[in-house]
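Colleague: Please take a close look at a single part of this model and go through it in connected text. I would like to know how its strands pair, what packs on them, and what the loops do around them.

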Amino acid sequence: MNKKSVVQAMMLATALSAPFAMAADKPVVGLITKTNTNPFFVKMREGAQQKADAMGVDLRTFSGKFDGDNQSQVQAVENLISAGAKGILITPSDPAGIVPAIDRAREAGLLVIALDTPLSPATAADATFATDNFKAGEMIGQWAAATLGDKAATAKIAMLDLNSSQITVDVARDQGFLKGFGIDLNDPNRIGDETDPRIVGNDVTSGAEEGGRRAMENMLQKDPEINVVYTINEPAAAGAYEALKSAGRADDVLIVSVDGGCPGVENVKDGVIGATSMQFPLRMASMGVDAILKFAQTGEKPQATEGLDFVNTGVELITDKPVSHIDARSSSEGLSMCWG
């Protein structure tokens, strides 16, 4: 090969390798969700990818095979450590079980941000980006009390929670609702220890429509005159409504919920749910990518929102029956912001 051919070959090799060199220079960020099918996590992945594309970040996504699949999340953390990632965003399936893997990631210099669900302990992550779930519950509680007016003093309330484990999100929404409604809390970190006679009882739904139906049927057996129903999320609210409808009570009961999924907002529009508190998974993940990129560039870690121990990613009350002194958006506005 003559000298000219050698030079041309070297130039060609450089040109071919350039895209790979540029790709290698991109900071790697990992997103690990509980599953890849839940609409909440689908929207979260969308938000992270949009931000990554805009900022020149190599986003690598992983998920559990099912909700509760800690082992797949552990393996994802190990993969990201090996890949030299700058940081990890994770919605932990097992907030305590994932901690040893998270410890290894942080020891390797990665920034770790929990999304939506805090680790146990929360300080095992560098930061948590989440909805203020207590505030979300408080907003629908305030709305329900204001909507009932004087009748709030004699309300009969069914509390349809998630499960018996009393995870942080479940407790925060339940206790926030009660405070917003004007009911004194006992231990704000525990569900079901209140003594207010307006509370008919608590039941669990697994956050599913069938669970909501079953729990509502149980509550109606305890007291057929229930007129307020709090639900952990909108699928549970839809199930509760079906049970009330079967009992001929659908028009007599105020249902409130939390999430902001598009089917739930449609149920606000249709009058099934009186009000819901909307959270923002797309914003949550987008903010997380931003924070990791900033850390990679400056070493600066995100700081918790003032007065909280996490970064608040926002919540909005959605209702078509607004009350004075409580900020809210209509279902039409909600449908332009919803997820799922």
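Modeller: For accessibility, buried means under 20% relative accessible area, exposed over 50% and partly exposed in between, with a 1.4 Å probe and protein chains only. The model is predicted: local features need pLDDT of at least 70 and side-chain atom pairs pLDDT 80 or more, while totals for chains, interfaces and linings use all residues. Residues are numbered from 1 along each chain as its sequence is written, and side-chain values use heavy atoms, without hydrogens and water.

First, the setting. The chain comes to 11 helices and 12 strands (DSSP runs numbered from the N terminus: H or I of at least four residues, E of at least two). It has 340 residues, of which 51% count as buried. Its C-alpha trace spans about 95 × 40 × 35 Å along the principal axes. Of the contacts with a separation of 6 or more, 69% join residues 24 or more positions apart; contact means heavy atoms within 4.5 Å.

The part I have picked is an open sheet of six strands, in the order β7-β6-β8-β9-β10-β12, with mixed pairing. Two strands pair if DSSP finds at least two bridges between them. β7 (199-204) and β12 (316-319) are the edge strands, and each pairs on one side only. On average, neighbouring strands of the sheet are turned by 15° against each other, direction ignored (axes are lines fitted to C-alpha atoms, for helices over the stretch in contact; angles run from 0 to 180 degrees between N-to-C directions).

At the β7 edge, the neighbour is β6 (residues 157-161), which pairs with β7 in the parallel sense over five bridges. One residue pair here is D161, whose bridge partner in β7 is V204. Further along the sheet, β9 and β10 are also joined in the parallel sense, over four bridges. There, D259 has M278 of β10 as its bridge partner. M278 is buried as well, and belongs to a strand covered on both faces: A275 and S277 of β10 are buried on one side, T276 and M278 on the other.

Two helices come next. α7 (residues 209-222) lies across β6, β7 and β8 (228-231) and runs at about 150° to β7. α8 (residues 234-246) packs on the sheet too, touching β6, β8, β9 (254-259) and β10 (275-278), with its direction at about 160° to that of β9. The two helices also pack on each other, at an angle of about 45° and with their axes 6 Å apart. α7 is therefore oblique to α8 (under 35 degrees counts as roughly parallel, over 145 as roughly antiparallel, 65 to 115 as roughly perpendicular, the rest as oblique). From α7, the contact draws on E209, G212, R213, M216, E217 and L220, and from α8 on P235, A236, A238, G239, A240, E242, A243 and L244.

Now the loops that start from these strands. The loop between β7 and α7 holds S206, with a positive phi near 60° in a residue other than glycine. S206 counts as exposed because its relative accessibility is 54%. The loop between β6 and α6 holds Q166, again not a glycine, with a positive phi of about 55°. At 25% relative accessibility, Q166 counts as partly exposed. Most residues other than glycine have a negative phi, and most peptide bonds are trans. A cis bond is found elsewhere in the chain, from S120 to P121, with omega near 5°. P121 sits in the loop between β4 (111-115) and β5 (127-130).

The Q166 loop leads on to α6 (residues 168-181), whose axis comes within 6 Å of that of α5 (residues 133-148), crossing at roughly 30°. That angle makes α5 roughly parallel to α6. The α5 residues in this contact include N133, F134, G137, I140 and L148, and those of α6 include V169, A172, R173, F177 and F181.

In short, β6 has β7 as a parallel partner, with α7 lying across both strands, while β10 is covered on both faces.
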